[in-house]
Amino acid sequence: MKAKININTQTDISKIDDRIYSSFIEHLGRAVYGGIYEPGHESADDMGFRQDVMKLIKELKVPMVRYPGGNFVSGYNWEDGVGDKAKRPRKLELAWNSIETNEVGIDEFQEWAKRAETDVMMAVNLGTRGADDARNLVEYCNSSTDTYYADMRRKNGFDEPFGIKVWCLGNEMDGDWQIGTKRPAEYARLACETAKLMKMVDPSIELVACGSSGPQMESFGHWEETVLREAYDHVDYLSLHSYYGNPDDNSQQYLGSAAIMDKFIKDVVAICDKVKEEKKSEKSIMLSFDEWNVWFHSNEQDKKQKPWQVAPPLLEDMYNLEDAIVVGDLMITLLKHSDRVKIACLAQLVNVIAPIMTETGGGVWKQTIFYPFLYTSVNGRGTALKTEVQSETFTEGKAENVPCVDSVAVISEDKETISVFAVNRKLDESAELDIEGLEGYKLVSHISMEGDDLKAGNSMAEPDKVTPVTHEVGEGVSLAAASWNYLSYKKM
């Protein structure tokens with residue numbers, strides 16, 4: 001198969017917001033307890049944070065981490081996780097049928113974030129609580145005033161404000177699985193008034209309103225319009241959530257997942273701009289795709305877990321090669337929409353549908369999806385360029401008229417490097433590329449995720465079974481069948 005990629009170095013999509021490489025840690029399964037936090041582990045620091053895990057997180061260069069949920073946040077009282085640990089309550093955690101010990105809360109998590117060289121994206125509880133609680137939490141985290149909640153923070157040992165700048169107004173509030181589910185008009189009013197109060201406490205913060213929990217929701221579209229018509233002037237982003245999988249074991253359809261994400265983003269952008277036009281506003285609502293990933297492997301296993309455990313092994317998908325290709329492709333799609341997608345969070349970061357896995361009391365290892373995220377995060381900083389691709393297409397199930405080859409290019413700030421990320425979605429045929437528009441640049445590196453066994457994955461026993469392939473650079477570029485690729489060009 002032949003394909004052509006034309007890259008216009010003079011026409012850009014947008015400067016990429018580094019927060020598009022963010023992630024997510026929820027009080028769910030072993031994400032916190034046994035994941036980032038395990039006192040007594042041989043690598044634990046003075047606060048109980050695993051340094052072997054932190055080392056891999058730093059390697060990914062994650063700029064921001066969403067916390068503490070997720071479904072968890074809709075039943076969470078943040079005061080339970082601050083102050084003296086000996087006085088913190090053990091509580092039933094209803095979102096995931098677990099017991100929450102509250103050993104880790106915002107006091108500890110903001111310190112973990114500093115040590116992990118990342119920022120916090122904080123979510124507030126709009127399920128069982130509301131505007132009053134949210135404004136109090138902003139005061140606790142961000143205020144330097146001599147007032148009740150700022151003084152509470154100081155009494156808990158933190159003289160300086162945490163300075164958290166991005167806040168989520170609840171989580172998936174349209175979902176019937178959500179604690180405190182809201183109807184569109186209910187949430188719209190609550191989000192608007194909560195946003196007003198939070199920005200009164202700290203006008204510098206940015207706020208993310210909940211969009212639908214996914215394009216499959218019956219209320220999708222109507223929900224977004226209702227929320228934006230009410231809260232447009234008081235919020236900065238609208239959230240998108242979507243997960244992808246291959247439960248039917250149709251790999252060709254699965255490799256078309258990014259085309260479905262692409263349509264989802266375009267549909268939400270159109271809704272945002274429709275409301276902008278209605279309001280005759282000069283402000284454009286940006287998008288926060290703050291939950292995205294592959295999630296399906298662990299569904300049956302999770303049904304077997306007994307309720308009311310502390311940190312049970314939930315959502316522990318064991319990823320394979322085709323999952324890595326899809327994750328890399330989804331990142332290409334996010335970059336192609338970097339003019340509107342300013343924040344995106346790989347959900348999640350450790351143990352729970354994650355690129356990093358641990359053994360409690362033991363070692364740590366990289367899942368297959370670690371690698372495309374790593375190479376894109378590290379090398380995809382700068383400005384996304386307009387990229388036109390010509391290739392064959394395929395239709396398989398829900399994936400309709402999908403180009404077999406897709407790509408995006410990123411030019412560095414100093415214009416010395418152009419990174420091309422490309423995927424060959426065709427299962428049984430390589431793609432011989434004709435790349436145009438890179439005059440004055442030379443290909444110096446070609447790294448891919450490819451292999452004969454799409455179902456192969458890594459484990460603690462075989463941590464390097466699936467790793468990136470380094471190609472010898474020659475005159476032409478060939479993308480292996482079913483592969484994700486990173487091509488690095490240097491200015492001559």
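**Figure 1. The hairpin made by strands β16 and β17.** In this predicted model, β16 (residues 393-396) and β17 (residues 399-403) run antiparallel and are joined by three bridges. One pairing to pick out is phenylalanine 394, whose bridge partner in β17 is valine 402. Two residues sit between the strands, and glycine 397 in the turn has a positive phi of about 60°. Keep β17 in mind, as this strand turns up again in the lining of the largest pocket.

**Figure 2. The largest pocket and what lines it.** Here we're looking into about 950 Å³ of space. The lining takes in 37 residues, and those nearest the centre are Pro215, Gln216, Ser242, Tyr243 and Tyr244. Elements giving two or more residues to this lining are β9 (237-244), α7 (251-254), α8 (257-279) and β17. Helix α8 supplies the largest share, with six residues.

**Figure 3. Phenylalanine 289 and its neighbours in the largest nonpolar core.** This core has 123 residues, and Phe289 is among the ones that touch the most other members, along with Ile36, Trp112, Trp167, Tyr187 and Trp292. Helix α10 (residues 321-336) puts in the largest share of the core, ten residues. Leave out residues up to four places away in sequence, and Phe289 still touches Leu240, His241, Ser242, Tyr244, Met261, Phe264, Ile265, Leu334, Val341, Ile343, Ala344 and Cys345. Ser242 and Tyr244, both on that contact list, are also among the residues nearest the centre of the largest pocket.

**Figure 4. A second nonpolar core.** This one is separate from the core in the previous view and has 24 residues. Among them are Ala3, Cys404, Tyr441 and Leu487.

**Figure 5. Glutamate 413 paired with lysine 15.** The structure holds 39 salt bridges, and in this one the closest N and O atoms are 3.0 Å apart. Glutamate 413 belongs to the loop between β18 (405-411) and β19 (417-424), while lysine 15 is in strand β1 (residues 2-15), so the pair links distant parts of the chain, 398 residues apart. Glutamate 413 has a relative accessible area of 61% and is exposed. Lysine 15, at 48%, counts as partly exposed.

**Figure 6. Glutamate 206 paired with arginine 19.** Once more the closest N and O atoms are 3.0 Å apart. The partners are 187 residues apart: glutamate 206 is in strand β8 (residues 206-209), and arginine 19 is in the loop between β1 and β2 (22-24). With a relative accessible area of 26%, glutamate 206 is partly exposed. Arginine 19 comes in at 18% and counts as buried, because the cut-off for buried is under 20%.

**Figure 7. Lysine 455 meeting glutamate 322 on helix α10.** The N to O distance in this salt bridge is 2.6 Å. Lysine 455 lies in the loop between β21 (441-449) and β22 (469-471), so the pair ties together parts that are 133 residues apart in sequence. How buried or exposed are the two partners? Lysine 455 is partly exposed, at 40% relative accessible area, whereas glutamate 322 counts as buried, at 1%. Glutamate 322 is in α10, the helix that gives the largest share of the largest nonpolar core.

**Figure 8. A network of salt bridges.** Side chains of opposite charge can pair when their charged atoms come close. In this view, Asp45, Asp46, Glu111 and Arg115 are linked in one such network.

Terms used: Residues are numbered from 1 along each chain as its sequence is written. This is a predicted model: local features need pLDDT of at least 70, side-chain atom pairs count only at pLDDT 80 or more; totals for chains, interfaces and linings use all residues. Side-chain values use heavy atoms; hydrogens and water are left out. A nonpolar core is a set of buried Ala, Val, Leu, Ile, Met, Phe, Trp, Tyr and Cys residues joined through side-chain atoms within 4.5 Å. Buried means under 20% relative accessible area, exposed over 50%, partly exposed in between (1.4 Å probe, protein chains only). Helices (H or I, at least four residues) and strands (E, at least two) are DSSP runs, numbered from the N terminus. Contact means heavy atoms within 4.5 Å. Two strands pair if DSSP finds at least two bridges between them. A salt bridge is a side-chain nitrogen of Lys or Arg within 4 Å of a carboxyl oxygen of Asp or Glu. On a 1 Å grid over the protein atoms alone, a cavity is a set of points where a 1.4 Å probe fits but cannot get out, and a pocket is an open set with protein on both sides within 12 Å along at least five of seven lines; lining residues have an atom within 4 Å of a point. Grid points are joined across faces, edges and corners, and a volume is the space filled by probe spheres set on the points.
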